[in-house]
Amino acid sequence: MKAFLSFVLSATALFCAAQDVAYSSTNGKVHFYSKTPLEDIEAITQKAIFVVYAGSRKVQAKIPMNTFQFSQKLMQEHFNENYVESDKFPYAIFNGTIEENIDLAKDGEYDITIKGTFDLHGVKQERVIKGKLTVKNGEPALGSAAFDVKLADHKIKIPKAVFLNIAEVIKIDLEFTLAKYIPKK
Amino acid sequence: MLVVVLPGNIFSMKFFYTVLLGVCSAGVFGQGIIDEIAESEAPKSEPVTATFKSTRLLHGHTVEMTKPNALDFRIAHRFGDMATPGTNVHTLFGLYSAADIAFTFDYGINKDLSVGLGWNKGTVYRESWFGNVKYKVLKQTKDFKIPLTITLLAQGAVTGVKRQNSLPSSLEYLPKWYNRFSYTVQAMIAVKATDWLSIQLTPSFVWRNFVTSNDKNGLFVLGLSARAKVSKRCAIVFEYFQPITRNNATFRQYFPMLRGIKNAGYYAPLNLGFEIETGGHVFQINLTNTAGLLEQDYLAYNPNSWAQGQFRLGFCIARTFQFGKGINPWTGRYKKKVREEKKAKDS
């Protein structure tokens, strides 16, 4: 009996794990924008990694900080060296779950709310982020979101001399296309 | 909990482990995918960034390059002697006089090649109009697979001073037109040892077409520079240049100060500075016994000794203009029209 129970339970667990198909993106677009009356600063990366699990509705993101491209290369160097310290904290990491009980096998465009932790500059913050997820041919295909990051929340300090040039709250928007994850052998 | 209820039972152990395995595999497997992707996507070996903060440390060049399509304009200034017997409040301890002033324009052709133009007042070797080419040949990587960054510099200058026809012993006698030319070649060899310490060795060769009769045209110099970060935006910088070529004449001797030689003629440049970085600017407050700002001047002719109070304050202001398709050079950001076009394309 116990053997049977153990078999059923483990089989269920394994089945669940097997059902939790991962969809990933390695060329996700993340764009940020800082607007002040003195200066607008923006940068974009096309190398963000996103993973969405169709079964458990988990969403994960890893954004390599040193891949952000600025129009001014000197600014890019300062961004990496002084602000996000990308040698120490190479990635911005998000780990969350879609709150809505949606079926990610059913085609359609869904407004989603993702609740999770956002780790930037080594400081974790609980965040609720609004976004959109499109399911095509029974598979999650497109995702997008927009949110704000308050620099002080993540202990990113702005020196007084450039206080007026960098906004306290940075606007971020992102989008990614998903494909079924195939592990590399 | 099941283990507690049924200790020693082989089935319960198996049961526990299978459930555990099932749960764990779901959890660990889930976390693993994104890390796996990140690892395979990450570049294998990346070059280090910002070994130094600027293309020049105090007087000498560093391994750093002007950024591609950027024009770096700088005005460097060295004040007069601070503590020689003649200096007092009437000269504001040297601040009322200018030992040297240099204007330089550097333009980054690509990320490994830049050209520069400039002119300076000079101290002994005066009124130079100069041009240089800088080329980065080797880049240190973060994993130390390549442990060094090497940049080469070639510089030529022509002096515009008025000829001193009646003074054959003067450096400004200049009997022939080609006597006005001088050259420096340098190899900057640097290592960013840790995130706060960078060290550079600078073997240099200076050639002047015209020298006074007791001097030699060629001079080998070995430079040592270092930068130690004390906080995220502040660093202490250091520079020392030791002339290697010996001369039989009274000047240009090894370590004249340590050997007690007074009036040695020329001294090795020893410079200290404090570097503060704010946004697009690097401010340097420096204390140096070096007055000249051009290699041919300060490496070959530095008549100032720390021991005799011949040190001075100096500063440098630099401004970078970023050029490129659709970029406004004054602000360094994309022009409004380009931004709007981009936005329209995205949506």
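Trainee: How much of chain B is buried?

Mentor: Of the 347 residues in chain B, 45% are buried. Keep in mind that this is a predicted model.

Trainee: What about the surface of chain B? How much of it belongs to carbon and sulfur atoms?

Mentor: The accessible surface of chain B is about 17500 Å². Carbon and sulfur atoms hold 68% of that area.

Trainee: Which helices and strands should I look for? How many does chain B have?

Mentor: Count four helices and twelve strands in chain B. Then look at the contacts. Take those in chain B with a separation of 6 or more: 58% of them join residues 24 or more positions apart.

Trainee: How do I read a nonpolar core?

Mentor: Start with the general idea. In soluble globular proteins, nonpolar side chains tend to be buried together. Now the case here. The largest nonpolar core has 42 residues. Val30(A), Phe32(A), Phe68(A) and Ile98(A) have the most contacts inside it. Apart from that core lies another, of twelve residues. Leu171(B), Leu219(B), Val221(B) and Ala300(B) are among them.

Trainee: Which residues does Phe32(A) touch, leaving out those up to four places away in sequence?

Mentor: Phe32(A) touches Ile41(A), Glu42(A) and Ala43(A), and also Phe68(A), Phe70(A) and Phe79(A). Its list also includes Ile170(A), Lys171(A) and Ile172(A).

Trainee: How should I read cysteines?

Mentor: Again, the general idea comes before the case. A disulfide is a covalent bond between the sulfur atoms of two cysteines. Over all chains, this structure holds zero disulfides. Cys234(B) is in none, and its nearest cysteine sulfur, in Cys316(B), is 17 Å away.

Trainee: Why is there no bond from Cys316(B) to Cys234(B)?

Mentor: Because the two sulfurs are 17 Å apart, which is too far for a bond. The cut-off is 2.5 Å.

Trainee: Are these two cysteines buried or exposed?

Mentor: Cys234(B) is buried, with a relative accessible area of 18%. Cys316(B) is buried too, at 9%. Buried means under 20%.

Trainee: Let me try a charged residue. Where is Glu172(B) found?

Mentor: Look in the loop of chain B between β5 (149-159) and β6 (181-192). Glu172(B) counts as buried, because its relative accessibility is 11% and the cut-off is under 20%.

Trainee: What does the side chain of Glu172(B) make a polar contact with?

Mentor: With the side chain of Arg126(B), at 3.0 Å. Glu172(B) also touches other residues, among them Val124(B), Val161(B), Lys162(B), Arg163(B) and Gln164(B). That list leaves out residues up to four places away in sequence.

Technical notes. Residues numbered from 1 in each chain as written. Chains lettered and ligands numbered in written order. Predicted model: local features only at pLDDT ≥ 70, side-chain atom pairs only at ≥ 80, totals over all residues. Heavy atoms only, no water. Core = buried A, V, L, I, M, F, W, Y, C linked by side-chain atoms within 4.5 Å. Buried < 20%, exposed > 50% of the residue type's maximum accessible area, 1.4 Å probe, protein only. Contact = heavy atoms within 4.5 Å. Helix = DSSP H or I, 4+ residues; strand = E, 2+ residues; numbered from the N terminus. Areas by Shrake-Rupley, 256 points an atom, 1.4 Å probe, with all protein chains shown as cover. Polar contact = N/O pair within 3.5 Å; in protein donor to acceptor, adjacent residues only side chain to side chain.
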